[in-house]
Amino acid sequence: MSPVNGKPYCYSYPHPAVATDLCVFSLDEGFQLCVLLIKRGGEPFLGHPALPGGFIKVGEESLEQCALRELEEETGFAKAYLQQFGVYSSPERDPREHVVSIAYFALVKKNSETPKAGSDASHAEWTRVSDALKRDLAFDHNRIVSDARAALIRTIEQSPIVLQLMPPEFTLLQLQKAYEGVYGKSLEPANFRRSLNGDWIVETGKFQRGHQRPAKIYKVNPNFLER
């Protein structure tokens, strides 16, 4: 804060604490959308499943820096695609005090790193979103997970960010299954292929052999990612 009459300036009225919550998404082996849940290692909600997150270091970091720090401290992931999608400010959402939380969703490849609980998290594990929403998550995290999935769906309709979740090489069927995992519903193959932006992926010249006709193998277009 800028000093006033030589002293740090403080507001004369109460103000809320500020935190970030992280909805970290990935795809499992069956291309179902998963979210990373931690088990809280402290009160409130000791032992409850929850999203990773924590309080901003006042005067030291931005919201995004806070989110990235909490991501690494509570899950072990050093980096991820990160996008802000919501603000949660109900005075009753945290029993300790009035906490305003800015929520982000993150995308990581499930097998790229193993989640490692840390900080105030005693355990971290992947859970399918459909199962996570049936559990009694801490705070208002059920709502945040639901809102995060809706935000992810809105984003993939305009952006190729689902490719952040794909292995280095994949078939069109696998890419379709990834989209179906996010949407939570089946897609008609012909319509999916017509809607797919051809600039996003390129053929590798390889084929996946199987019982049916060999399937072309693709990869992310490096020229597209560099734009």
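Is Glu-72 buried, exposed or partly exposed? Select Glu-72 and switch on the surface: this residue is partly exposed, because its relative accessible area of 44% falls between the 20% and 50% cut-offs. Keep in mind as you click around that this is a predicted model.

**Stop one: around Glu-72**

Stay with Glu-72 and show the ribbon. The residue sits in helix α1, which covers residues 63–75. Now pick out Phe-77 and Ala-78: leaving aside neighbours within four places in sequence, these are the residues that Glu-72 contacts. For a look further back along the chain, select Pro-52. It lies 20 residues from Glu-72 in sequence, and the two C-alpha atoms are separated by 9.6 Å.

**Stop two: the cysteines**

Next, select Cys-23 and Cys-66. Cys-23 is buried, with a relative accessible area of 0%, and Cys-66 also counts as buried, at 0% relative accessibility. If you're hunting for disulfides, the count comes to zero.

**Stop three: the largest nonpolar core**

Time to go inside. In soluble globular proteins, nonpolar side chains tend to be buried together. Here the largest nonpolar core has 40 residues, and you can start with those that have the most contacts inside it: Phe-25, Phe-105, Leu-152, Leu-175 and Ile-201. Colour the elements that give two or more residues to this core: strands β3 (17–27), β4 (33–40), β7 (81–88), β8 (99–107) and β12 (215–220), plus helices α2 (129–132), α3 (141–156) and α4 (172–183). The top contributor is α3, with seven residues.

Zoom in on Phe-105 and show what surrounds it. Beyond its neighbours within four places in sequence, Phe-105 is in contact with a list of residues that includes Cys-23, Phe-25, Tyr-81, Phe-85, Ala-148, Leu-152 and Ile-161. So the buried Cys-23 from the previous stop turns up again here, as a contact of Phe-105.

Apart from this core lies another one, of 14 residues; to find it, select Val-24, Leu-36, Leu-82 and Val-108, which are among its members.

**Last stop: where α3 meets α4**

Hide everything but α3 and α4. How do these helices pack? Their axes are 9 Å apart, at an angle of about 140 degrees, which makes α3 oblique to α4. On the α3 side, show Arg-149, Leu-152, Ile-153 and Ile-156; on the α4 side, show Tyr-179, Gly-181, Val-182 and Tyr-183. Colour these contact residues by type and you get six nonpolar, one polar and one charged. Leu-152 deserves a second click: it belongs to this helix contact, and it is also listed with the residues that have the most contacts inside the largest core.

Notes. Residues numbered from 1 in each chain as written. Predicted model: local features only at pLDDT ≥ 70, side-chain atom pairs only at ≥ 80, totals over all residues. Heavy atoms only, no water. Helix = DSSP H or I, 4+ residues; strand = E, 2+ residues; numbered from the N terminus. Buried < 20%, exposed > 50% of the residue type's maximum accessible area, 1.4 Å probe, protein only. Contact = heavy atoms within 4.5 Å. Disulfide = S-S within 2.5 Å. Core = buried A, V, L, I, M, F, W, Y, C linked by side-chain atoms within 4.5 Å. Axes fitted to C-alpha atoms, helices over the stretch in contact; angles between N-to-C directions. Parallel < 35°, antiparallel > 145°, perpendicular 65-115°, else oblique. Nonpolar A, V, L, I, M, F, W, Y, C, P; charged D, E, K, R; others polar.
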